[in-house]
Amino acid sequence: MSQTSTTSAPEPDAVAAGGWLLDGAHQRRVVDGIRALGIVLVVAFHAAFLTTKLLPREPLERFIHGLPQVLNIVWQALGSEIVFLASGFLLSYILIREHLRYGSIDFGQFYVRRVSRIVPLFLLALAVYSIGRSLHPDRVLANLLFVSRAAGYFEIGSHAGRNYIPVGWSLEVMMQVFLALPFVVWALLRSGRPLLVGIVLTIASVAPRYAALSGDVSSYTQPYYELVFGGSAPEIQKDLYYLTWYRLTPFLLGLVGAILVTVHRDRVAAFLRSPARAGAVAALGVVLFFASGSLPLHDPEGAVYAWFGPQAWHWFWTVQRAVLGLSVLALLLAVLHQERGFAGVLGRGLALRLWQPISSGIYSIYLFHFACLLPAALVVFSPSVLRTALDTESFAPGAFDRKDFVARLGQNLDGVTLWHYLAMVVIAVWLSTKLASLLTRKLEAPSQAWLRRRFPGRKRTLVRSSVDRATVPEGVCAQARSSPNSN
């Protein structure tokens with residue numbers, strides 16, 4: 001059918017039958033698996049971080065040397081990169097498909113959906129994590145506006161530089177990106193070359209990291225293991241981790257992936273129709289994933305510190321997260337399009353139903369898994385905790401010394417093993433998922449329903465040509481620009 005056909009638009013269920021990638025149940029479960037993998041890595045990193053706070057140096061070194069190399073990635077806080085990429089991919093996919101179907105983007109409805117998804121849980125977390133802490137008005141306001149880290153960077157307010165929520169910085173990054181994302185998608189689609197412009201923006205997003213690291217050699221030559229053993233990171237490393245303008249790459253990679261599976265869906269599907277080609281892309285993703293995250297940076301005796309010189313470290317800290325994001329995108333594209341061969345095996349693993357409750361509760365888990373790590377540690381280390389409590393004279397009510405208790409507990413945890421650590425991660429994920437399910441029923445779903453009823457989206461007419469084919473960006477965008485519904 002011609003792209004300029006004026007035949008009346010089909011019903012929405014006809015659109016679902018037209019081949020949109022994520023209309024398939026398997027594909028949706030695969031994306032759930034990617035999101036769940038990201039949040040599990042976040043919990044695993046914080047479990048490892050908690051272990052470093054409990055163990056003295058010698059037991060900690062024994063614990064590190066006892067872990068298999070495949071777990072090196074849990075020390076490097078890369079799970080958030082996967083969550084960012086999956087979020088960028090999903091939301092960009094929704095926005096692009098909306099534009100291709102209707103010729104426009106409903107900006108207001110997009111923001112209503114983001115606010116209803118994140119803000120109610122964020123407010124609850126802010127209240128929970130503020131208990132027993134002194135509250136400063138400028139810091140509270142910066143947290144509520146999702147600009148706390150940026151306010152601290154620009155020295156706006158004397159107490160505005162930190163988050164009350166332990167992972168609040170990541171919600172700030174996501175909210176700031178979500179604020180701009182519909183405009184970026186709209187501009188890319190109107191450019192006529194969305195894929196090219198998206199790739200250029202993605203490559204350019206790495207430049208600020210390179211420039212920032214260029215200003216201070218100590219910011220990338222300081223051994224990472226010093227942080228594991230209680231050292232302090234240079235300020236620029238903290239900025240690279242927390243500030244939005246240094247964390248745009250995974251979101252842009254997700255945007256590029258969404259362009260590929262919508263605007264260029266026929267060509268991408270044709271290329272990945274071959275199990276061999278899809279398997280090669282998936283294998284490349286796996287190799288890049290472990291190459292970017294498996295170096296033993298947390299190990300004082302790691303050979304990497306003998307291999308790398310200052311220039312190598314400069315480039316490593318510049319591109320490591322971009323390479324990890326690229327690996328996840330390659331894996332995602334391969335397993336979404338192919339259910340046979342190597343890609344199919346990986347896809348079936350990601351599509352397991354056990355990932356779905358973790359993915360659906362991802363924001364709750366992100367916000368509250370810290371609160372679940374403590375009971376998980378108490379369960380796993382209960383004999384040592386009990387022995388320490390009985391041996392600590394200052395444990396009497398009103399005389400408890402937390403630092404003394406932690407120090408004594410660390411001495412009693414001399415025999416921490418891989419199984420202790422894995423058990424703590426599994427219990428924390430399970431508790432977080434159960435809590436997320438409860439919060440979804442009692443808070444998140446009701447608040448979402450109320451806000452979305454209160455601010456419904458405007459009714460629009462489907463654009464026939466963008467339903468029939470979503471390829472050839474010039475034709476689609478030209479047609480969308482001529483639509484009376486175009487923003």
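Is E235 buried or exposed? With a relative accessibility of 54%, E235 counts as exposed, because the cut-off for that class is over 50%. The model described here is a predicted one.

## Salt bridge within helix α13

E235 takes part in a salt bridge with K238, in which N and O lie 3.4 Å apart. Both residues belong to helix α13, which covers residues 235–242. They are 3 residues apart, about one turn of the helix. K238 has a relative accessibility of 30% and counts as partly exposed, whereas its partner E235 is exposed at 54%.

## Salt bridge within helix α3

A salt bridge also joins R57 and E61, with 3.1 Å between the closest N and O atoms. The two residues are found in helix α3 (residues 57–65), at a spacing of 4 residues, about one turn of the helix.

R57 has a relative accessibility of 44%, so this residue is classed as partly exposed. E61 is also assigned to the partly exposed class, because its relative accessible area is 24% and the buried class is limited to values under 20%.

## A salt bridge between distant parts of the chain

D23 and R97 form a salt bridge through their side chains, at 3.1 Å from N to O. This pair links distant parts of the chain, its members being 74 residues apart. D23 is located in the loop between α1 (12–16) and α2 (25–54), while R97 belongs to helix α4 (residues 79–102). D23 has a relative accessibility of 28%, so this residue counts as partly exposed.

In total, the structure contains 6 salt bridges. The pairs D23 and R97, R57 and E61, and K238 and E235 are among them.

## The second largest pocket

R97 also appears at a pocket. The second largest pocket encloses about 1000 Å³ of space. Of its 31 lining residues, the closest to the centre are L91, I94, R97, R113 and R114.

Four helices, α2, α4, α5 (107–129) and α20 (355–360), each contribute at least two residues to the lining of this second largest pocket. The largest share comes from α4, with 10 residues. Sorted by class, the lining of the second largest pocket consists of 15 charged, 11 nonpolar and 5 polar residues.

## The largest cavity

How many cavities of 30 Å³ or more are there? The count is 2. The largest cavity has a volume of about 60 Å³. Its lining is made up of E81, V206, R209, Y246, R247, T249, P250, T318, R321 and A322.

Helices α14 (249–262) and α18 (310–337) each provide at least two residues of the lining of the largest cavity. Helix α18 gives the most, with 3 residues. The classes represented in the lining of the largest cavity are nonpolar with 4 residues, charged with 4 and polar with 2.

## The second largest cavity

The second largest cavity has a volume of about 50 Å³. Its lining consists of R149, A150, W169, E172, V173, Q176, Y242, L243, T244 and W245.

Which helix gives the most to the lining of the second largest cavity? That helix is α8, with 4 residues. Both α7 and α8 (168–191) supply at least two residues each to this lining. By class, the second largest cavity is lined by 6 nonpolar, 2 polar and 2 charged residues.

## A nonpolar surface patch

L141, L145 and V147 make up a nonpolar patch on the surface. Together these three residues have about 260 Å² of accessible area.

Where does L145 lie? L145 is in the loop between α6 (137–144) and α7 (148–153). Its relative accessible area is 53%, so L145 is classed as exposed.

Methods
Residues are numbered from 1 along each chain as its sequence is written. This is a predicted model: local features need pLDDT of at least 70, side-chain atom pairs count only at pLDDT 80 or more; totals for chains, interfaces and linings use all residues. Side-chain values use heavy atoms; hydrogens and water are left out. A salt bridge is a side-chain nitrogen of Lys or Arg within 4 Å of a carboxyl oxygen of Asp or Glu. Buried means under 20% relative accessible area, exposed over 50%, partly exposed in between (1.4 Å probe, protein chains only). Patches are made of residues with over 30% relative accessible area and no salt bridge: like charges are joined within 9 Å, nonpolar side chains (Val, Leu, Ile, Met, Phe, Trp, Tyr) within 5 Å. Accessible areas come from the Shrake-Rupley method with a 1.4 Å probe; for residues, only the protein chains shown count as cover. On a 1 Å grid over the protein atoms alone, a cavity is a set of points where a 1.4 Å probe fits but cannot get out, and a pocket is an open set with protein on both sides within 12 Å along at least five of seven lines; lining residues have an atom within 4 Å of a point. Grid points are joined across faces, edges and corners, and a volume is the space filled by probe spheres set on the points. Ala, Val, Leu, Ile, Met, Phe, Trp, Tyr, Cys and Pro count as nonpolar, Asp, Glu, Lys and Arg as charged, and the others, Gly among them, as polar.
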